[in-house]
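Let's take a walk through this structure, one contact at a time. Have the sequence and the 3D view open side by side as you read.

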Amino acid sequence: MKRTPVDPWEWNIKFGFHQGEVVEGHRRILVCAGQTALDENGEVVHAGDMAAQIGLALDNVEAVLHEAGMRLSDVVRLNQYTTDMELYLQHVGVMGKRLEAAGIAPPGTLLQVSGLAFPGLVVELEATAVA
């Protein structure tokens with residue numbers, strides 16, 4: 001699979017994402033449901049703890065990827081939803097380090113929302129992967 005970044009500007013690079021990516025030579029696409037800080041029983045973990053929830057939501061994204069025979073490096077779009085933008089931006093480095101280690105800077109959307117599926121959730125990640 002070949003990924004070519006599309007960045008008509010460069011300001012976004014310091015935030016760890018590309019404006020777009022052309023993806024060629026792939027055979028499979030995985031569209032993931034939004035992943036949050038829920039454990040294997042569907043219970044909220046780390047209620048209100050932004051850094052811990054970012055980490056667990058990303059762990060859950062990776063679990064779905066693994067089940068599909070893919071890796072974090074296969075993610076080509078990552079949408080992020082949070083109930084507290086200021087707090088999210090203070091802790092987004094938790095995810096940034098893992099994306100950088102995977103060698104990706106996927107395009108996506110970052111939105112503040114008034115609430116998520118269960119009380120105590122503060123972040124949700126929605127990934128699309130190709131392999």
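Start with a pair of charged side chains: E62 and R98 meet in a salt bridge, with 2.4 Å from N to O. This pair links distant parts of the chain, since E62 sits in helix α1 and R98 in helix α3, 36 residues apart. Keep in mind that you're looking at a predicted model.

How exposed is E62? At 29% relative accessibility, E62 counts as partly exposed, because that label covers everything between 20% and 50%. R98 gets the label too, with a relative accessible area of 23%.

R98 has another partner. It forms a salt bridge with D59, where the closest N and O atoms are 2.8 Å apart. D59 lies in helix α1 and R98 in helix α3, so this pair ties together parts that are 39 residues apart in sequence. D59 is partly exposed, at 35% relative accessibility. Salt bridges that share partners thus join D59, E62 and R98 into one network.

Now look at helix α1 itself. It runs over residues 50-67, and at 1.5 Å a residue its 18 residues should span 26 Å; the end C-alpha atoms are 26 Å apart, which agrees. At the N-terminal end, D49 acts as a cap: one of its side-chain oxygens lies 3.4 Å from the backbone nitrogen of A51. Past the other end, α1 is followed by G69, which has a positive phi, near 75 degrees.

Which residues of α1 are buried? They are M50, Q53, I54, G55, L56, A57, L58, N60, V61 and L65. In any α-helix there are 3.6 residues a turn, so residues three or four places apart point the same way. You can see spacings of that kind in the list, for example in the run of I54, L58 and V61. What do the buried residues of α1 pack against? Their neighbours are β3 (29-31), β4 (75-82), α2 (85-91), α3 (93-101) and β6 (123-130). So α3, the helix that carries R98, is also one of the elements that the buried residues of α1 pack against.

A search of the whole structure finds three salt bridges, and one of them is between R3 and E21, with the closest N and O atoms 2.8 Å apart. Here R3 in strand β1 is linked to E21 in strand β2, 18 residues away. R3 counts as partly exposed, at 22% relative accessibility.

Finally, turn to the loop between β1 (2-6) and β2 (20-24), where you'll find W11. At 48% relative accessibility, W11 counts as partly exposed. Together with W9 and F15, W11 makes a nonpolar surface patch of about 410 Å².

Notes:
Residues are numbered from 1 along each chain as its sequence is written. This is a predicted model: local features need pLDDT of at least 70, side-chain atom pairs count only at pLDDT 80 or more; totals for chains, interfaces and linings use all residues. Side-chain values use heavy atoms; hydrogens and water are left out. Helices (H or I, at least four residues) and strands (E, at least two) are DSSP runs, numbered from the N terminus. The expected span of a helix is 1.5 Å times one less than its number of residues. Buried means under 20% relative accessible area, exposed over 50%, partly exposed in between (1.4 Å probe, protein chains only). Contact means heavy atoms within 4.5 Å. A polar contact is a pair of N or O atoms within 3.5 Å; within protein, one must be able to donate a hydrogen and the other to accept it, and residues adjacent in sequence count only if both atoms are side-chain atoms. Patches are made of residues with over 30% relative accessible area and no salt bridge: like charges are joined within 9 Å, nonpolar side chains (Val, Leu, Ile, Met, Phe, Trp, Tyr) within 5 Å. Accessible areas come from the Shrake-Rupley method with a 1.4 Å probe; for residues, only the protein chains shown count as cover. A salt bridge is a side-chain nitrogen of Lys or Arg within 4 Å of a carboxyl oxygen of Asp or Glu.
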